[in-house]
Amino acid sequence: DGKSAYSSSVKVGYRDSYKSYIENFELSQVDNTVKVQWTTSKEEQNLKFGIERSIDGVSFQEIMQVPGAGTTANTSVYEFLDKDPYFGLTYYRLKSYFTDNTFEHSNVKVISVKKIYQQNLVSFVGLQDGFTNKLLWETKTEEASVKFEIERMEGTNQFIKIGEVVG
């Protein structure tokens, strides 16, 4: 009859009702990491979750697996900390593995991850005579370390700045 049996919306192992089980799939940046969190309202024969990451939203790599709750009608809470995220736009999705050897992907989430550089105020010393103040400041990046010591000269309002750059 000339009709095609192909449909792009059919996928092997697809569970029509599963997507409603994943709730609150969220990404957040914590320092230079990405926290991946989600809850399920219930699970049916769920062996585990794979956390997948992508730099382009097309090609994903599984970076971690977390055990699922099997079959439960209870809410389950999951969390994973990606300690080595891509910087810039980064895409994440979940892959649910079931006991019948099928799997399903969640919707894709995206986050813009910004590199945070560490800055530390090492110490601040103020002596009781009120004349000598010293400030030590240090910052580090992947490429360099910068240290400054700022000291007020005794009896004046003049400051001496000593700097060191390594890298």
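Student: Where does Asn-46 lie, and is Asn-46 buried or exposed?
Tutor: In this predicted model, Asn-46 is part of strand S3. Buried means under 20% relative accessible area. The relative accessibility of Asn-46 is 2%, so this residue counts as buried.

Student: Which side chain has a polar contact with the side chain of Asn-46?
Tutor: Asn-46 is a buried residue in S3. At 2.7 Å, its side chain makes a polar contact with that of Glu-43.

Student: How many helices and strands are in the chain?
Tutor: Read along the sequence, the pattern is β-β-β-β-β-β-β-β-β-β-β-β. The count is therefore zero helices and twelve strands, with strands taken as DSSP runs of at least two residues.

Student: What share of the residues in the chain is buried?
Tutor: The chain has 167 residues, and its accessible surface comes to about 11000 Å². Carbon and sulfur atoms account for 51% of that surface. Buried residues make up 28%.

Student: What is the order of strands in the open sheet of three strands?
Tutor: S1 and S2 pair in the antiparallel sense over seven bridges. S2 and S5 also pair in the antiparallel sense, over seven bridges. S1 and S5 are the edge strands, each pairing on one side only. The order is S1-S2-S5.

Student: How much is the average twist from one strand to the next in the sheet of S1, S2 and S5?
Tutor: The pairing in this open sheet is antiparallel. From one strand to the next, the twist averages 15°.

Student: Which residue in the hairpin of S1 and S2 takes a positive phi?
Tutor: The hairpin has two residues between its strands. A positive phi near 55° is found there at Asp-31.

Student: Which residue in S2 stands opposite Ser-28?
Tutor: Ser-28 is matched across the S1 and S2 pairing, which is antiparallel. The residue opposite Ser-28 in S2 is Lys-35.

Student: Why is S2 described as largely enclosed by the rest of the structure?
Tutor: The description rests on burial, for which the cut-off is under 20% relative accessible area. S2 has eight residues, and it is largely enclosed because the number of them that are buried is six.

Student: Which residues are the bridge partners in S5 of Val-34, Val-36 and Gln-37?
Tutor: Val-34 is bridged to Asp-82. Val-36 has Phe-80 as its partner. For Gln-37, the partner in S5 is Glu-79.

Student: Which side chains of S5 point to the buried face?
Tutor: The side chains alternate along S5. Val-77, Glu-79 and Leu-81 point to one face and are not buried. Those on the other face, which are buried, are Ser-76, Tyr-78, Phe-80 and Asp-82.

Student: Which residue shares a side-chain polar contact with Asp-82?
Tutor: Asp-82 is found in S5 and, at 3% relative accessibility, counts as buried. Leaving aside neighbours within four places in sequence, it is in contact with Thr-33, Val-34, Arg-53, Ile-63 and Tyr-92. The polar contact, at 2.6 Å, is with Tyr-92.

Student: Which residues touch the most other members of the largest nonpolar core?
Tutor: This core has 14 residues. S1, S2, S3, S5, S6 and S8 each supply at least two of them. Those touching the most other members are Phe-25, Leu-27, Val-34, Val-36, Trp-38, Tyr-92 and Leu-94.

Student: Which residues is Val-34 in contact with, leaving aside neighbours within four places in sequence?
Tutor: Val-34 is among the core residues that touch the most other members. Its contacts are Leu-27, Ser-28, Phe-80, Leu-81, Asp-82, Pro-85, Tyr-92, Ile-111 and Val-113.

Student: How far apart in space are Thr-90 and Lys-109, C-alpha to C-alpha?
Tutor: Thr-90 is found in S6 and is buried, with a relative accessible area of 0%. Not counting residues up to four places away in sequence, Thr-90 touches Arg-53, Ser-54, Lys-109, Val-110, Ile-111 and Val-113. Thr-90 and Lys-109 are 19 residues apart in sequence, and their C-alpha separation is 8.4 Å.

Student: Which residues is Ser-59 in contact with, leaving aside neighbours within four places in sequence?
Tutor: Ser-59 lies in the loop between S3 and S4. Its C-alpha atom is separated by 9.7 Å from that of Tyr-91, 32 residues apart along the chain. The contacts of Ser-59 are Arg-53 and Ser-54.

Notes. Residues numbered from 1 in each chain as written. Predicted model: local features only at pLDDT ≥ 70, side-chain atom pairs only at ≥ 80, totals over all residues. Heavy atoms only, no water. Helix = DSSP H or I, 4+ residues; strand = E, 2+ residues; numbered from the N terminus. Buried < 20%, exposed > 50% of the residue type's maximum accessible area, 1.4 Å probe, protein only. Contact = heavy atoms within 4.5 Å. Areas by Shrake-Rupley, 256 points an atom, 1.4 Å probe, with all protein chains shown as cover. Core = buried A, V, L, I, M, F, W, Y, C linked by side-chain atoms within 4.5 Å. Pairing = 2+ DSSP bridges. Polar contact = N/O pair within 3.5 Å; in protein donor to acceptor, adjacent residues only side chain to side chain. Axes fitted to C-alpha atoms, helices over the stretch in contact; angles between N-to-C directions.
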